[in-house]
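Colleague: Please take me through one part of this model at close range. Start from a single residue and work outward. One connected answer is fine.

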Amino acid sequence: IPLATIGFIVGAILFALYAFSLRPYAASGGIRYSYIWAYYLMAITFLMWGVAAANGTEISLFMGVLAGNACILAGSVLLLNTVVRDRTMESIAAGVAVVLFVGRLSLLPPAPYMEGGVLVFNTDPIVSAVYALLFAAIWLPASISVGAAVGAQGKVPEFTRLVTWLSGLSL
């Protein structure tokens with residue numbers, strides 16, 4: 001079993017457990033379900049990458065990375081709901097996500113490969129920059145916002161301290 005498969009499967013399990021653990025906070029109105037579904041999509045992404053790495057063929061790696069890209073874009077749209085909460089902005093973001101995915105598929109297709117049991121994404125710098133921007137502008141603020149909401153419920157004080165520290169870093 002390639003090292004990449006093990007790492008991605010462990011990551012998938014952890015993302016799924018994280019999303020599952022937040023269900024009580026969504027049920028009480030503390031956070032939005034869209035946040036939880038975004039992290040389930042991240043778990044699915046890691047699972048697909050793990051399966052693709054286990055298979056190791058060129059087509060499975062290509063399809064796994066491409067499907068993962070689609071899940072990350074969809075998760076980003078879901079997380080935008082946590083940060084912005086504006087239906088018009090969500091619709092625009094969904095349209096932009098589709099354009100980014102089509103551009104990824106047609107102009108800058110993934111070219112991953114396996115090397116020594118590690119999945120090398122071999123991602124174009126433009127695509128890397130787009131994903132870095134998505135994580136910095138959407139995933140991190142959404143996670144900090146939800147962390148603050150969960151911490152404000154007073155059930156996990158050490159979590160509140162961590163979120164406060166992260167909030168200071170992101171400003």
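**A serine and the aromatic cluster**

Modeller: Ser143 is buried, because its relative accessible area of 19% falls under the 20% cut-off. Keep in mind that this is a predicted model. Ser143 sits in helix α6, which spans residues 125–152. Leave aside residues up to four places away in sequence, and Ser143 touches Tyr35 and Tyr39. With Tyr35 there is also a polar contact, side chain to side chain, at 3.3 Å.

Those two tyrosines lead to the main subject. Tyr35 and Tyr39 belong to one aromatic cluster. The other members are Phe8, Phe15, Tyr18, Phe46, Trp49, Phe121, Phe135 and Trp139. Across the whole structure, the search finds 13 aromatic pairs. A ring pair is described by two values, the distance of the centres and the angle of the planes.

Take Phe8 and Phe46 as one such pair. Their ring centres lie 5.5 Å apart. The planes meet at 80 degrees, and the pair counts as edge-to-face because that angle is over 60 degrees. Phe8 is in helix α1 and Phe46 is in helix α3, residues 33–55. The two are 38 residues apart, so the pair links distant parts of the chain. Phe8 is buried, at 13% relative accessibility. Phe46 is buried as well, because its relative accessible area of 19% is under the 20% limit.

Phe8 has a pair with Trp49 too. Here the centres are 5.4 Å apart and the planes are at 65 degrees, again edge-to-face. This pair also runs from helix α1 to helix α3, with Phe8 and Trp49 41 residues apart along the chain. Trp49 is buried, because its relative accessibility of 9% is under 20%.

Phe121 is another member of the cluster. Its setting is a loop, the one between β2 (118–120) and α6. Its relative accessible area is 23%, so Phe121 counts as partly exposed: that value lies between the 20% and 50% cut-offs. Its contacts, without residues up to four places away in sequence, are Phe8, Trp49, Val65, Ala111 and Pro112. That list includes Phe8 and Trp49, the two partners of the edge-to-face pair at 5.4 Å. Pro110 is 11 residues from Phe121 in sequence, and their C-alpha atoms are 7.3 Å apart.

Asn122 lies in this loop between β2 and α6. Check its backbone. Asn122 is not a glycine, yet its phi is positive, at about 55 degrees. Asn122 is partly exposed, because 44% relative accessibility falls between 20% and 50%.

Back to helix α3, for Tyr40. Tyr40 is buried, because its relative accessible area is 18%, under the 20% limit. Tyr40 touches Ala16, Ala19, Phe20 and Arg23, again without residues up to four places away in sequence. Its C-alpha atom is 8.5 Å from that of Ala12, and the two residues are 28 apart along the chain.

Now the outside. Ile6 is in helix α1, residues 3–21. Ile6 is partly exposed, with a relative accessible area of 44%. It helps form a nonpolar surface patch of about 630 Å². The patch is made by Ile1, Ile6, Val10, Ile13, Leu14 and Leu17. Helix α1 therefore holds both a buried residue of the cluster, Phe8, and a partly exposed residue of the patch, Ile6.

Last, the setting as a whole. The protein has seven helices and two strands. Along the sequence the pattern is α-α-α-α-α-β-β-α-α. Of the 171 residues, 37% are buried. Take contacts between residues at least 6 apart in sequence: 65% of them join residues at least 24 apart. The pairs of Phe8 with Phe46 and Trp49, 38 and 41 residues apart, bridge separations of that kind. The exposed area is about 9300 Å², and carbon and sulfur atoms supply 73% of it.

Definitions and conventions. Residues are numbered from 1 along each chain as its sequence is written. This is a predicted model: local features need pLDDT of at least 70, side-chain atom pairs count only at pLDDT 80 or more; totals for chains, interfaces and linings use all residues. Side-chain values use heavy atoms; hydrogens and water are left out. Helices (H or I, at least four residues) and strands (E, at least two) are DSSP runs, numbered from the N terminus. Buried means under 20% relative accessible area, exposed over 50%, partly exposed in between (1.4 Å probe, protein chains only). A polar contact is a pair of N or O atoms within 3.5 Å; within protein, one must be able to donate a hydrogen and the other to accept it, and residues adjacent in sequence count only if both atoms are side-chain atoms. Contact means heavy atoms within 4.5 Å. Patches are made of residues with over 30% relative accessible area and no salt bridge: like charges are joined within 9 Å, nonpolar side chains (Val, Leu, Ile, Met, Phe, Trp, Tyr) within 5 Å. Accessible areas come from the Shrake-Rupley method with a 1.4 Å probe; for residues, only the protein chains shown count as cover. A salt bridge is a side-chain nitrogen of Lys or Arg within 4 Å of a carboxyl oxygen of Asp or Glu. Rings of Phe, Tyr and Trp (its six-membered ring) pair if their centres lie within 6.5 Å; planes under 30 degrees apart count as stacked, over 60 as edge-to-face and the rest as tilted.
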